[in-house]
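Reader: I am new to this structure and would like to understand the terms used for it. Could you take me through them with care?

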Amino acid sequence: MRTEFHRLRVTTRSHGRHGNILPMAAVLMVVVLGFTALTVDVGFLMETRTQAQAASDGATLSAALELVDGWGKGATVTSSQVVTNGTSVASSVAAQYRVGELASASLGTGDVRFGNRTKNGSGNWVETWSTAPYNMVEVSVRRNNMPLFLAGVIGNSQATVSVSATAVLSPGGGFFIPSGSTLTCPLLPIALDLPTWDALINSGVGTDNYTYNANGSVTAGADGIKEVNIYPEGTAGLPPGNRGTVDIGPANNSTADLSRQIRFGPNASDLAFFGGTVQIPTTGTLALNGDTGLSAGIKDDLVAIWGQPRAIPIFTSVAGPGNNATYQIVKFVGIRIMSSQLTGSPSQKKVIVQPAPVFDGTIVRTTGALQPDSILAPLQLIH
């Protein structure tokens, strides 16, 4: 018996799918590459922007430091010098930062600009560029036509990153030193009356017999900045209402306390009496115990700080005799001592001061517009 086996032939029908997959794969590859390019280049752009912002912030704050010497009635440089110095410093600092694929940022024409920031009658801030006196500076850092890594695949081969920062000088209303700190603040414990100070600042009532030099020294001769004698004037008895010293700390400061504070400034222990902060309250006046008159015991200390910027309290009224006097302080202003003499005849005694910019990290920032006699708090980035 013969058994026959029949082979079963199985055939498949070709639909030509390989011809459809290839175009789809090509399209998908372009999409994948596009997303890869987007991911890589967006990350690179974000990193570059962060680097550029750091460069802008650093350059702006450095340039803003140059505003200090050009501010107020005691400015020691002109507005044009502020621009020159500030632009130079900004360029130098920006060059220390990497931006994208470049080892350092570079600033171009118009990337550094100076202006004035104040409040209008409605209490709104008004910023005006290229208007002196300058208390505001802006630095822009740009990376134009920056080559991208992969975005050329989808038609974008370059990009531009542009950032800016703006810093301003801020007025101060007092001083703060935290407990345990080794810091001191540049506050002199010698008070001056408001009418005398306002006459000097607003009307130029004063003398001009001394010059403050760039090296910090003081010499005889006019420098264009008016001076006033803050030595207590009056009868030999120094009646209530006269200028004198105030207690930055507990009442009845000793001569040793005054000497230390004049030379080095009040410290954390002194300000601890006020809770760490001595400043003008919202009521507008700060009551400080004091002593009418100036002791000859501090004469050497005053000489030691000739030419150095210091702040002094300005009072509207004083009540009580001698070391029981209470001064009503309304603001702190910046000065430098140009000459002093606490011995000899009454006509020879003097403490000659002129307005000066005072900028310090212990100064407490206050609201309101910067004034020509404001003490200057730490710099503030506003944009």
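Author: Let us begin with two aromatic residues of what is a predicted model: Phe 114 is buried, and Tyr 134 is buried as well.

Reader: What makes Phe 114 and Tyr 134 an aromatic pair, and why is the pair called tilted?

Author: By the rule, the count comes to four aromatic pairs. In the one formed by Phe 114 and Tyr 134, the ring centres are 5.9 Å apart and the planes meet at 50 degrees. Ring centres have to lie within 6.5 Å, and an angle that is neither under 30 degrees nor over 60 counts as tilted, so the 5.9 Å and the 50 degrees of Phe 114 and Tyr 134 give a tilted pair. This pair links distant parts of the chain, since Phe 114 belongs to strand β1 (residues 112-119), whereas Tyr 134 is in the loop between β2 (125-129) and β3 (136-147), 20 residues apart.

Reader: Why is the pair of Phe 273 and Phe 274 called edge-to-face?

Author: The rings of Phe 273 and Phe 274 are 5.2 Å apart, centre to centre, with 90 degrees between their planes. Planes over 60 degrees apart count as edge-to-face, and therefore the 90 degrees of Phe 273 and Phe 274 earns that name.

Reader: How do you know whether Phe 273 and Phe 274 are buried or exposed?

Author: Phe 273 has a relative accessibility of 51%, and because exposed means over 50%, Phe 273 counts as exposed. Phe 274 has a relative accessible area of 22%, which lies between the limits of 20% and 50%, so Phe 274 is called partly exposed.

Reader: What makes you say that the charged end of Arg 117 sits over the ring of Trp 125?

Author: The charged end of Arg 117 is 3.8 Å from the centre of the Trp 125 ring, and the distance part of the rule asks for CZ of Arg within 6 Å of the ring centre. Arg 113 likewise has its charged end over a ring, that of Trp 129, 4.1 Å from its centre.

Reader: Why is Gln 328 called partly exposed, and where is Gln 328 placed?

Author: Gln 328 is in strand β13 (residues 325-341). Its relative accessible area is 24%, and because buried means under 20% and exposed over 50%, Gln 328 is partly exposed. Not counting residues up to four places away in sequence, Gln 328 touches several residues, including Thr 285, Ile 314 and Phe 315. The C-alpha atoms of Gln 328 and Leu 288 are 6.6 Å apart, although 40 residues separate Gln 328 and Leu 288 along the chain.

Definitions and conventions: Residues numbered from 1 in each chain as written. Predicted model: local features only at pLDDT ≥ 70, side-chain atom pairs only at ≥ 80, totals over all residues. Heavy atoms only, no water. Phe/Tyr/Trp six-rings, centres within 6.5 Å; stacked < 30°, edge-to-face > 60°. Helix = DSSP H or I, 4+ residues; strand = E, 2+ residues; numbered from the N terminus. Buried < 20%, exposed > 50% of the residue type's maximum accessible area, 1.4 Å probe, protein only. Lys NZ or Arg CZ within 6 Å of the ring centre and 35° of its normal. Contact = heavy atoms within 4.5 Å.
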